[in-house]
Amino acid sequence: MMERWYIAFNTVGSPQDILSRLVPAVRQHKLSDFVVRFCYEKLTKNNRGQFYFFVGVVSAQRGIVPESIHSEFYTMLNRLGLRDSGMHLYFEEIKTGNWISNELEIHNLRQIKMLKPAKLTPSDPFNYASRPSIEKPDISLNESYNNLIYWLSAYGRGTWRQFKTACKELGLDPNSEYSRRIMRRLRSLGHVELTKDGQNWFIAPPTLVVKDSNSRQHQTFLAGQRSRILIQELEKVAQVETEPQPYSDAPDVIRVTFTSQSVVESFRQDFEKDYHPVYMAGLAGFEIASNLPDLEFWETDLPSLAIVKANYTFEQWLSNGFKSIELPKETGLYRLTHTSSRFDHPQLTLFYHAESDSWRKGDWYGLRYLMMRRTGETCEFYYDHNLKRLSIAMENRPPDIYERSLVLASGRLPIFRNGQVIFGDVPETLAHMLANKLEAEFIEYKGI
């Protein structure tokens, strides 16, 4: 049985200052399952400058920090200037003992106070079928997307329902229609990841991604967790530029240009001493693409679902739309709606392989791409060597993870023009590698 107990620190300064450093440190050191609560004496004229601060943790026995996190936990405390002197208490002992002379201020790390998630209709985070039209950038939402990445960075991880509620609260998705697309863009940019079932998200660690460039300077962009402190510290040693995404539908690109690799390493070491680690991803686009399987292996690795056909009605994707059918007989893309009205069931969009009578679950574009290749349709990748642009027809848009390698080549989302999705700053080697893996025809193209 797990129990919550507290480590007491008799310290000086400001509780808010300790909290502002401790909360992100807990996230960075991945201790959120162990460190769950903070409380401290409210400051008065009598105790201003010295007070008790209590860190609430959860383990099998009071006073015992699990071996798996022991080193990480005490490394974090040392960096924050907090020393465990062996004062280990239960909450009732804190309230009834002589430890405090004033009321307690309590902060629950696991509770997201800014959100009160309402009951939402179940949905599949990987289904992007109902795609909004591409319009002019809504610049008014730009700051809301920046606030979203700061919110995600502060809380570290959460449920799919919490993410949808956050998008709604920030005005990014008032009717809960486009949260899936927002998540897809954040994942493509390397900011956030989903668990395999899509029901939980977690922020990626702060990472400087190298941009392929002929410049002598070391050009990077920031992915994953971000904070204003991190950006301010980067500005002291490098050139930092903020660039909006093409349609202002995601957080700004933070471009960071260092004079040399040695400056990067020096910054990372200094920042880690005072705050938390910052990682280097190198040429992330190349690294991801190099480790991706070809289409056949990607298909076999997709989660397989056991479907009782009598429980569903079926629609098959035909001529750019879903059409009602009796039962699935052909290999293709299908939308399944549960016939029961007793419980809420999300619609499922799945790939059906007729020969093996098997159902595969994956992201919307990936399943559609798989359907086209498995039904014999040709997919073409057009590459402009001079402009370093890769152009793919919208209906041939590749699976999420393959597209991510293209986005992380530049840190910018694609643009849409004349029925094409266009990725900029893509090295030819990367474009050619993905075309081979996705069984697409690679065509050298001059001008778009």
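# A tour from the helix pair to the strands

Start by selecting helix α6 (residues 179-188) together with α12: the two pack at an angle of about 55 degrees, and their axes are 8 Å apart. The model you have open is a predicted one. An angle between 35 and 65 degrees falls in the oblique class, and α6 and α12 are therefore oblique to each other. Show side chains at the contact. From α6 the contributors are Arg184, Arg187 and Ser188, and from α12 they are Asp400, Glu403, Arg404 and Val407.

Keep those side chains on display and add Glu193 and Arg397. Arg184, Arg187, Glu193, Arg397, Asp400, Glu403 and Arg404 are linked in a network of salt bridges. Side chains of opposite charge can pair when their charged atoms come close. The count of salt bridges comes to 21.

**The three-strand sheet**

Glu193 is a useful way into the next stop, as β7 covers 192-194. Select β6, β7 and β8. In what order do the strands of this open sheet lie? The order is β6-β8-β7, and the pairing is antiparallel. β6 (157-159) and β7 (192-194) stand at the edges, each with a single partner strand, so one side of each has no neighbour in the sheet. Averaged over this sheet, and with direction ignored, neighbouring strands are turned by 20 degrees against each other.

Zoom in on the pairing of β7 with β8 (residues 200-203), which is antiparallel and runs over three bridges. To place the register, select Val192, which stands opposite Ile203 in β8. Then add helix α5 (residues 160-169), which lies across β6 and β8 and runs at about 95 degrees to β6.

**Glu243 and its two arginines**

Next, select Glu243 with Arg255 and Arg412. The side chain of Glu243 meets that of Arg255 in a salt bridge with an N to O distance of 2.8 Å. Glu243 belongs to strand β11 (residues 239-243) and Arg255 to strand β12 (residues 253-258), 12 residues apart, and the pair links distant parts of the chain. Is Arg255 buried or exposed? Arg255 is buried, with a relative accessible area of 13%, which is under the 20% limit for that class. Glu243 is partly exposed, at 22%.

Glu243 also forms a salt bridge with Arg412, at 2.5 Å from N to O. Arg412 sits in the loop between α12 (400-407) and β22 (415-417), so look back towards the helix you began with; Arg412 and Glu243 in β11 are 169 residues apart. Arg412 counts as partly exposed, at 25% relative accessibility.

**Strand β18 and its partners**

Now select strand β18 (residues 348-353). Five of its six residues are buried, so β18 is largely enclosed by the rest of the structure. Strands of a sheet pair through backbone hydrogen bonds, either parallel or antiparallel.

Add strand β17 (residues 332-338), which is antiparallel to β18 and joined to it by five bridges. Pick Gly332 to find one of these pairs: the bridge partner of Gly332 in β18 is Tyr352. Then add strand β19 (residues 358-361), which also runs antiparallel to β18, with four bridges between them. Here Phe351 stands opposite Arg360 in β19.

Follow the chain through the hairpin of β18 and β19, where four residues lie between the strands, and stop at Asp357, which takes a positive phi near 50 degrees. Which residue does the side chain of Asp357 meet in a salt bridge? The partner is Lys309, at 3.3 Å from N to O. Lys309 lies in the loop between β14 (304-305) and β15 (312-317), and Asp357 in the loop between β18 and β19, so this pair ties together parts that are 48 residues apart in sequence. Lys309 counts as partly exposed, at 27% relative accessibility. Asp357 is partly exposed as well, with a relative accessible area of 43%.

**The whole chain**

Finally, zoom out and colour by secondary structure. The protein has 13 helices and 24 strands. Of its 448 residues, 49% count as buried. Among contacts with a separation of 6 or more, 70% come from residues 24 or more positions apart. If you switch on the surface, the protein exposes about 22,000 Å², of which carbon and sulfur atoms supply 47%.

Definitions and conventions: Residues numbered from 1 in each chain as written. Predicted model: local features only at pLDDT ≥ 70, side-chain atom pairs only at ≥ 80, totals over all residues. Heavy atoms only, no water. Buried < 20%, exposed > 50% of the residue type's maximum accessible area, 1.4 Å probe, protein only. Pairing = 2+ DSSP bridges. Axes fitted to C-alpha atoms, helices over the stretch in contact; angles between N-to-C directions. Contact = heavy atoms within 4.5 Å. Salt bridge = Lys/Arg side-chain N within 4 Å of Asp/Glu carboxyl O. Areas by Shrake-Rupley, 256 points an atom, 1.4 Å probe, with all protein chains shown as cover. Parallel < 35°, antiparallel > 145°, perpendicular 65-115°, else oblique.
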